[in-house]
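Trainee: I would like to go through this model step by step, from helix packing to the relation between the chains. Can we begin once the structure is on the screen?

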There are 2 protein chains.
Amino acid sequence: MLHNRPYEMLPAVGDRIEDIATPRPVIDEARMAANIARVQAYMDGLGLAFRPHIKTHKLLSVAAAQIAAGARGINCQKVSEAEVFAGAGIDDILITFNIFGAEKLARLAALNRQISGLKVTADSDEVVAGLADAFAADRPLKVLVECDTGGGRCGVQSPQAALALARQIVAAPGLRFEGLMTYPKAGMGAQVEAWFRTTLDLLAGAGIPCPMVSNAGTPSLFEAGTTPVATEYRAGTYVYNDRAMMRMGHCTEADCAMTVLATVVSRPAPGRAVIDAGSKTLTSDLFGFADFGHVAGYPQAVIRSLSEEHGHIDISACEGGFPGIGERIAIIPNHTCVVTNMFDTMVFHRDGIVTRLEDVAARGLVW
Amino acid sequence: MLHNRPYEMLPAVGDRIEDIATPRPVIDEARMAANIARVQAYMDGLGLAFRPHIKTHKLLSVAAAQIAAGARGINCQKVSEAEVFAGAGIDDILITFNIFGAEKLARLAALNRQISGLKVTADSDEVVAGLADAFAADRPLKVLVECDTGGGRCGVQSPQAALALARQIVAAPGLRFEGLMTYPKAGMGAQVEAWFRTTLDLLAGAGIPCPMVSNAGTPSLFEAGTTPVATEYRAGTYVYNDRAMMRMGHCTEADCAMTVLATVVSRPAPGRAVIDAGSKTLTSDLFGFADFGHVAGYPQAVIRSLSEEHGHIDISACEGGFPGIGERIAIIPNHTCVVTNMFDTMVFHRDGIVTRLEDVAARGLVW
């Protein structure tokens, strides 16, 4: 079912994607299915449970496909996102976020009564104290300690600090210590392994069981085997892939399920083309690139700058020419997860024919 | 009226903004009203008609307030946006975009029958040809020629090219030549004036009346008087203002109507704070800044990087300390127009008390 959006120009099932109104991201069903199958098979081969992060797609059907392929459950970043997917019947949900505030905690408690597999993370006394106040022993909340194993984001800074926080969780009647969680950078597998091993030894010494060790990251996905202590792996971007994943060697252009369709609306001067996809479509995520996306089939085109609804492309190096005014291009975005977040409806296709439309159910939730 | 979004955590009228769920942009009603009044008075003082661009707010109530203050009409970037505001009773709408595609042209034609003040722009033979095919003499479409007067975006490259395109518009039975449009950079007022003067002379020589000369840009707003040939001025960002406008000296922090409320969710290590506002809230628009927003009251804080739902702040230079875990900050975004685009509901307040909520009616429209 789609939201009632009378002013949105939506394609119909059966339309050819080269005819639909632009700018518009579209998802290639076959590529997405192959991405889901490939990574699930990889994790199965390692004997590692897999937990896709829904941030990349925010779609009920895709989460269902990931679970049907063998995923253990899902990873969300917000209470509201978890509510959306729990409402669709998913029971095993890990929210990897420090949750604060009376309203969020009240809704988290309601969600914890609704599903049995809810889990959250915490990295400080303050977070644990807030959770401890909001939950009681009759329906305890499962809490993992977030560990900064070198990624430099959130997380306790040492195995000793992880143990101390686990003790605090164990001491709270309304909480249950469920394990350890991290989001490392690529190439850190051995370091993460050592960090977790030390922590597990400390926990064992303290008599604290640790059911889960949750590792993550699409960038380090195919290094998951270098951290064998992990019991599960989380990743999001793999489902669509994007230019950043291409650069990492994770995938080729033919594995990128999301392309952003755009129309050349101006060729104001030699060497310059302007398209109808700007920062409100592609976003300004550079992710270390020098420009704002890869134009499929035109590797020398440089999306030099973005206005809100215009993309400014330097085509001066395009030896074989470039599409003319009114013609189409397809862009592999630098970062697919943020493009998802710009649209209320996602369009799927197979071999260029629109197969279905779906509300981006978990978009725009605060919180 | 608000869309039915059961999972969104919305505040209630009367709530204190320091209590509402974060991350959330909020609009200070008094500051916004002052911004609207100040710029309208400035334009009135110049005797220049004013046409606000709705891209910054995408809200029906704000467009109505701008028109009530004296604005001539509005500026949109998409047919669908124009439909939203026409549906709310606004008649004078300029769409500053080259419009292509059967569906958009059909809807543009329907809109042109619905309101009498619809106008679009064109900068090439191809755009004019497409428009000419879609409109007939019984209800002609008003078309302005977009001129690249130095801004380097879209637009014909010379006064001679503007004349040639105006001739093509005049020759099309379904089109009416309505004037000239530009989006210059700041500091180009005299150059724009000369460009337009030359073009007007050419048009006069050809016997082509030119009712409108539309100039634009919040960055050059207070230089509008340096292009007296213009008959109207377009601007969007002024309604909220943002960090980029502060840098230009256009406004002070006290004139910024939009602030993004966020919560400190982690202080993982000395010198680092992590907030719950990331690239899916603030966007990655740097706009020439070295970081992703200005933390109100903490000028030494540096929002160094954004994950999707986390902001990573370097607080090592904050001499007076920084809010602790669970405490709030308010951020002046680098670019307010793109933050608007991330949210389905906008929250207004007066002196920190929520006054009303409004659907971001023109958000997420493709096209």
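Trainee: What is the handedness of the crossing of H3(B) and H4(B)?

Mentor: Keep in mind that this is a predicted model. The two helices have axes 10 Å apart and pack at an angle of about 25°. The crossing of H3(B) and H4(B) is left-handed.

Trainee: Are H3(B) and H4(B) roughly parallel or roughly antiparallel to each other?

Mentor: The angle between H3(B) and H4(B) is about 25°. Angles under 35 degrees count as roughly parallel. H3(B) and H4(B) are therefore roughly parallel.

Trainee: Which residues in H4(B) are met by H3(B)?

Mentor: From H3(B), the residues taking part are Val79(B), Ala82(B), Glu83(B) and Ala86(B). By class, the contact of H3(B) with H4(B) holds 5 nonpolar, 1 polar and 3 charged residues. On the H4(B) side, the residues are Lys104(B), Arg107(B), Leu108(B), Leu111(B) and Gln114(B).

Trainee: Which strands stand at the edges of the open sheet in chain B?

Mentor: The sheet has 8 strands with parallel pairing, in the order E2-E9-E8-E7-E6-E5-E4-E3 (chain B). An edge strand here has a single partner strand, so one side of it is left without a neighbour in the sheet. The strands at the edges are E2 (49–52) and E3 (74–76) of chain B.

Trainee: What is the bridge partner of Ile93(B) in E5(B)?

Mentor: Strand E4 (residues 92–95) and strand E5 (residues 117–122) of chain B pair in the parallel sense over 4 bridges. In E5(B), the partner of Ile93(B) is Leu118(B).

Trainee: At what angle does H5(B) run to E5(B)?

Mentor: H5(B) lies across three strands of chain B, namely E5, E6 (141–147) and E7 (175–182). Relative to E5(B), the helix runs at about 145°.

Trainee: In chain A, at what angle does H3 run to E4(A)?

Mentor: Chain A has an open sheet of 8 strands in the order E2-E9-E8-E7-E6-E5-E4-E3 (chain A). Helix H3 (residues 79–87) of chain A lies across E3, E4 (92–95) and E5 (117–122) of that chain. Its angle to E4(A) is about 170°.

Trainee: Which residue in E9(A) stands opposite Ala216(A)?

Mentor: Strand E8 (residues 212–216) and strand E9 (residues 232–235) of chain A pair in the parallel sense, over 3 bridges. Opposite Ala216(A) in E9(A) is Arg234(A).

Trainee: Which element gives the most to the side of chain B that touches chain A?

Mentor: The contact takes 55 residues from chain B and 54 residues from chain A. On the chain B side, the elements giving two or more residues are H3 (79–87), H4 (102–114), H5 (125–134), E10 (258–269) and H9 (336–340). With 5 residues, the element that gives the most is E10(B).

Trainee: How many charged residues are on the side of chain B that touches chain A?

Mentor: By class, that side has 19 nonpolar and 20 polar residues. The number of charged residues is 16.

Trainee: What axis relates chain B to chain A?

Mentor: A turn of 180° with a shift of 0.0 Å along the axis lays chain B on chain A with an RMSD of 0.0 Å. That relation is a two-fold axis.

Trainee: In chain B, which residue has the C-alpha nearest the axis?

Mentor: The same surface serves both copies, as 98% of the contact residues of chain B recur in chain A. The nearest C-alpha in chain B lies 2.5 Å from the axis, and the residue is Ser284(B).

Methods. Residues numbered from 1 in each chain as written. Chains lettered and ligands numbered in written order. Predicted model: local features only at pLDDT ≥ 70, side-chain atom pairs only at ≥ 80, totals over all residues. Contact = placed C-beta atoms within 7 Å. Nonpolar A, V, L, I, M, F, W, Y, C, P; charged D, E, K, R; others polar. Axes fitted to C-alpha atoms, helices over the stretch in contact; angles between N-to-C directions. Parallel < 35°, antiparallel > 145°, perpendicular 65-115°, else oblique. Left-handed = near helix turned anticlockwise from the far one by under 90°. Pairing = 2+ DSSP bridges. Least-squares fit on C-alpha atoms with pLDDT ≥ 70 in both.
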